[in-house]
Amino acid sequence: MKRPAIIDRSQDERFMREALALAAEGAARGEVPVGAVLVVDGEIVGRGFNCPISGHDPSAHAEMVAIRDAARHLANYRLVGSTLYVTLEPCSMCAGLIVHSRVGRLVYGASEPKAGVVQSRGRFFEQDFLNHRLAVEGGVLAEACGTILSDFFRARRRKATPDAAPPAADSAGG
């Protein structure tokens with residue numbers, strides 16, 4: 001794998017939609033809906049969605065699953081020249097993995113104000129101690145990526161609250 005000289009941003013939305021489809025698959029299984037795909041030379045070589053609950057694995061974030069899948073597919077733990085598309089700004093664990101696996105470019109959708117370390121809670125990839133640099137692009141299909149998450153958590157909260165009393169009949173009769 002070689003590092004691409006020119007970044008083809010025209011494909012960003014296409015691959016982010018693939019990641020969104022994986023996020024929806026995770027949501028259907030009761031997992032927090034985050035999806036990721038890893039792309040090399042315009043081809044998806046790794047796919048993943050959050051599955052720490054079903055996998056009994058706290059490290060099974062979408063990025064981790066997609067990177068592991070790609071590394072197995074390519075038979076290489078170094079993913080130089082690849083682009084990782086993920087629907088949510090990565091956490092510190094995933095940011096470390098992205099650096100160690102030598103992903104060339106990260107594209108994410110929605111910001112993660114509580115735990116995102118690309119821009120929200122810090123700028124991990126700009127730290128001097130890192131021995132690998134990558135290009136980062138945020139906000140691709142951010143609204144769709146944020147909506148799938150907010151819808152998931154809204155539905156979860158509704159399920160967790162006991163049913164409210166039915167609304168009273170209106171005075172017009174009915």
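Select helix 4 (residues 92–100), whose buried residues pack against helix 3, strand 3 (83–88) and strand 4 (105–110). Those buried residues are Cys94, Ala95, Gly96, Ile98 and Val99, where buried means under 20% relative accessible area, exposed means over 50%, and partly exposed lies in between, computed with a 1.4 Å probe on protein chains only. Helices (H or I, at least four residues) and strands (E, at least two) are DSSP runs, numbered from the N terminus. What you have open is a predicted model, in which local features need pLDDT of at least 70 and side-chain atom pairs count only at pLDDT 80 or more, while totals for chains, interfaces and linings use all residues. Residues are numbered from 1 along each chain as its sequence is written, and side-chain values use heavy atoms, with hydrogens and water left out.

Stay with helix 4 and move just past its end, where Arg102 takes a positive phi of about 65°.

Now zoom out to the whole protein, which has five helices and five strands; followed from the N terminus, these elements run α-β-β-α-α-β-α-β-β-α. Of the 174 residues, 43% count as buried. Contact means heavy atoms within 4.5 Å, and among the contacts with a separation of 6 or more, residues 24 or more positions apart account for 59%.

Next, select Glu63, which is found in helix 3 (residues 62–74). UniProt, in an unreviewed entry, lists Glu63 for "active site"; such annotations may be inferred rather than shown by experiment. Is Glu63 buried or exposed? Its relative accessibility is 4%, and therefore Glu63 counts as buried. If you leave aside its neighbours within four places in sequence, Glu63 is in contact with Ala36, Leu84, Val86, Leu88, Pro90, Cys94 and Leu97.

From that list, pick Cys94, which counts as buried because its relative accessibility is 0%. Then select Cys51, which also counts as buried, because its relative accessibility is 19%. Cys94 is in no disulfide, and the nearest cysteine sulfur, that of Cys91, is 3.8 Å away. A disulfide is counted here as a pair of cysteine sulfur atoms within 2.5 Å, and the structure holds zero disulfides.

The next stop is the loop between helix 3 and strand 3, where you should select Ser82. Ser82 is buried, because its relative accessible area is 1%. Apart from its neighbours within four places in sequence, Ser82 is in contact with Leu38, Val39, Val40, Val103, Gly104 and Arg105. Asn76 has its place in the loop between helix 3 and strand 3, and at 32% relative accessibility Asn76 counts as partly exposed. Add Ser101 to the selection: Asn76 and Ser101 are 25 residues apart in sequence and 9.2 Å apart in space, C-alpha to C-alpha.

Finally, show helix 1 (residues 12–28) together with helix 5 (residues 142–160), whose axes come within 10 Å and cross at roughly 5°. Helix 1 is therefore roughly parallel to helix 5, a term for angles under 35 degrees, whereas over 145 is roughly antiparallel, 65 to 115 roughly perpendicular and the rest oblique. The axes are lines fitted to C-alpha atoms, for helices over the stretch in contact, and the angles run from 0 to 180 degrees between N-to-C directions. Helix 1 makes the contact with Met16, Leu20, Ala23, Ala24 and Ala27, and helix 5 with Ala144, Cys145, Ile148 and Phe152.
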